[in-house]
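Here is a short tour of the model you have open, meant to be read with the structure beside you. We begin in the interior and then move to a pair of helices and a loop.

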Amino acid sequence: MSQVRKTFERAVFLDRDGTIIEEVGYLDRPERVEFFPWTIDAIRLLNRAGLAVVLVSNQSGIARGFFTDAVVEQTHRRMADMLTAGGACIDAYYYCPHHPDGSIADFAKVCECRKPARGLVDRAVGEFGIDPARSFVVGDRWIDVRLARTVGAKGVLVRTGYGDCEERRPPPDLQADVIVDNLVAASSWILGTL
């Protein structure tokens, strides 16, 4: 029996640390995951609107030897379980394990998947049929907004995580489509544009 692949026209690409979950530095244990109080509600709103919700995250701690791929996978399973319990879901979890200054040889390199490069978004486009030009990228760093520009999506900077500091130091060549307090405000803005 063949499995039918779910397709979406639009997606919301969400950064992980500082956007969906509390920023704790290098998250090296799944039990350290802590959602913001509004995370599940915000993701559930996006789900109900028929948007794909896709996590896109740089996880250079793998390349630096701070934790393994297995820890990231366990963290994402824990997040998925917590979201399911709240009636929400992330449709796909993509992350980049690379960093050019990494100490683990297999991951110490320049790649096409480390944000703001487009590799993670391209993977979602290939798997789900998403149109990036009709999509959104939400994160707490300017690299997330730059990723949005790279793929032709709208870019949303949230003030959680590093976002408050990032807002005060904007790059001269880059502007967000909107800067909001948190993920629930981002979700409301996104739904208002549809």
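In this predicted model, the largest nonpolar core has 26 residues, and those touching the most other members are Val-12, Leu-14, Ile-20, Ile-43, Met-79, Ile-90 and Val-138. Two or more residues each come from strands S1 (11-14), S2 (52-58), S4 (136-139), S5 (154-158) and S6 (178-180), and from helices H1 (39-48), H2 (69-85) and H6 (183-193). A second core lies apart from this one; it has 21 residues, including Ala-52, Val-54, Val-121 and Phe-128.

Val-12 is a good residue to click on. Setting aside residues up to four places away in sequence, Val-12 touches Leu-46, Leu-51, Ala-52, Val-53, Val-54, Phe-136, Val-138 and Ile-190.

**Two helices side by side**

How do H1 and H6 pack? Their axes are 8 Å apart, at an angle of about 15°. Angles under 35 degrees count as roughly parallel, so H1 is roughly parallel to H6. The crossing of H1 past H6 is left-handed. On the H1 side, the contact is made by Thr-39, Ala-42, Ile-43, Leu-45 and Leu-46, while H6 brings Leu-183, Val-184, Ser-187, Ile-190 and Leu-191.

**Helix H4 and its surroundings**

Next, find helix H4, which covers residues 142-151 and has Trp-142, Asp-144, Val-145, Leu-147, Ala-148 and Val-151 as its buried residues. These buried residues pack against strands S2, S4, S5 and S6, as well as helices H3 (119-128) and H5 (163-167). After H4 comes Gly-152, which has a positive phi, near 85°.

**The loop between S3 and H3**

Now turn to the loop that joins S3 (92-96) to H3, where Cys-111 sits. Lys-109 belongs to the loop between S3 and H3 too, and Pro-116 also has its place there. The peptide bond that leads from Lys-115 into Pro-116 is cis, with omega near 15°.

Is Cys-111 buried or exposed? Its relative accessibility is 15%, so Cys-111 counts as buried. Lys-109 has 41% relative accessibility and therefore counts as partly exposed.

Leaving out residues up to four places away in sequence, Cys-111 touches Cys-96, His-98 and Ala-117. With the same residues left out, Lys-109 touches His-98, His-99 and Pro-100. Each of these two loop residues can also be paired with a residue further back along the chain:

| Pair | Separation in sequence | C-alpha to C-alpha distance |
|---|---|---|
| Cys-111 and Pro-100 | 11 residues | 8.4 Å |
| Lys-109 and His-99 | 10 residues | 5.7 Å |

**Asn-58, a polar residue inside**

To finish, go to Asn-58 in strand S2. Why does Asn-58 count as buried? Buried means under 20% relative accessible area, and Asn-58 counts as buried because its relative accessibility is 16%. The Asn-58 side chain reaches the backbone nitrogen of Lys-115 at 2.8 Å. Lys-115 is the residue whose peptide bond to Pro-116 is cis, so this is a handy spot to view both features together.

Beyond neighbours within four places in sequence, Asn-58 is in contact with Cys-96, Cys-113, Arg-114, Lys-115 and Ile-143.

Terms used:
Residues are numbered from 1 along each chain as its sequence is written. This is a predicted model: local features need pLDDT of at least 70, side-chain atom pairs count only at pLDDT 80 or more; totals for chains, interfaces and linings use all residues. Side-chain values use heavy atoms; hydrogens and water are left out. A nonpolar core is a set of buried Ala, Val, Leu, Ile, Met, Phe, Trp, Tyr and Cys residues joined through side-chain atoms within 4.5 Å. Buried means under 20% relative accessible area, exposed over 50%, partly exposed in between (1.4 Å probe, protein chains only). Helices (H or I, at least four residues) and strands (E, at least two) are DSSP runs, numbered from the N terminus. Contact means heavy atoms within 4.5 Å. A polar contact is a pair of N or O atoms within 3.5 Å; within protein, one must be able to donate a hydrogen and the other to accept it, and residues adjacent in sequence count only if both atoms are side-chain atoms. Axes are lines fitted to C-alpha atoms, for helices over the stretch in contact, and angles run from 0 to 180 degrees between N-to-C directions. Angles under 35 degrees count as roughly parallel, over 145 as roughly antiparallel, 65 to 115 as roughly perpendicular and the rest as oblique. A crossing is left-handed if the near helix is turned anticlockwise from the far one by less than a right angle, and right-handed if clockwise.
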